Every structure is written in C-alpha cells, then in structure tokens.
Amino acid sequence: MNTDGQLSLLEQPQHAEDADTAWLESLLDGHKSWMTSGEILRRLFNDATENKQRWLRELASGSVWIISGQRGYKNIRHATAEEIEHAANWLESQAKKMSDRAGGIRRNAHRIFG
C-alpha cells in the first residue's frame, strides 16, 4: 500500500476473512435445499478434492446459518425445525465427546507429570 492509503497495481487486495463463509451462506440461501460438497465445489473448481472439501467444511463450521449432515449443507432459513434440531444435537454430541477426551488426556498427563 502506498502512503496515501491506495493499493498499488502490484498489490493484491485484502480478502475479508469471513467473505468466503458469507458467500457460502448466500449460495445456500439462494439454493433453498440441501447441496452436497461435490455440487458446491464443482460450481467453483470443477472438481472436489479432499483439500477443497476440508476447506468447505471449515467455511460451514464458521457459520451459524449453515447446517450440515448426511445430505450435505443447507442454510437454516430453508431447514425444518427437525433438521435444525438434529444438526444442533449432533454438534452438542461431538462437543461432549471432545470434552470427554480432553479431560482424559489431562488426567493421564497428571498421572505422568504429577
């Protein structure tokens, strides 16, 4: 950036950190139904590699407007109460498993290190 706050022609513009998540929320809001990761990624890249699927999962996990499940991803504006409840219950179950594991690791570390 030059001294007057303008981008030079050689600089890349800064990408808003949550712009990709907002894009995914908007895509799903416009689609109004479930979309698989393959469908979403083929719209962007023409393929759905594991790295791209990981990137998409990360985007979805950063949103409180997107649910995920066996059928893919969906904006909660178009989800049923049952779909939202199922997604929230699954997340809470995963959080409990992770918390239980963290506690077990801490207990074993305490046994080793005192």
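**Exercise 1.** Determine how helix α2 and helix α3 are arranged relative to each other, and which residues make the contact.

*Solution.* The axes of α2 (residues 37-45) and α3 (residues 50-61) come within 10 Å and cross at roughly 110°, where axes are lines fitted to C-alpha atoms over the stretch in contact and angles run from 0 to 180 degrees between N-to-C directions. Helices here are DSSP runs of H or I with at least four residues, strands are runs of E with at least two, and both are numbered from the N terminus. The two helices are therefore roughly perpendicular, a label for angles of 65 to 115 degrees. On the α2 side the contact (heavy atoms within 4.5 Å) involves Ser37, Ile40, Leu41, Leu44 and Phe45, and on the α3 side Lys52, Gln53, Trp55 and Leu56.

The model is predicted, with local features needing pLDDT of at least 70 and side-chain atom pairs pLDDT 80 or more, whereas totals for chains, interfaces and linings use all residues. Residues are numbered from 1 along each chain as its sequence is written, and side-chain values use heavy atoms, leaving out hydrogens and water.

**Exercise 2.** Identify which element gives the most residues to the lining of the largest pocket, and which to that of the second largest pocket.

*Solution.* Begin with the largest pocket, whose lining of 15 residues has Ala60, Ile66, Ile67, Ser68 and Leu91 nearest the pocket centre. Two or more lining residues come from each of α3, β1 (66-69) and α4 (81-113), and α4 gives the most, with five. For the second largest pocket, β1 and α4 each supply at least two lining residues, and α4 again gives the most, with four.

Definitions and conventions:
Parallel < 35°, antiparallel > 145°, perpendicular 65-115°, else oblique. 1 Å grid on protein atoms, 1.4 Å probe; cavity = no way out; pocket = protein on both sides within 12 Å on 5 of 7 lines; lining within 4 Å.
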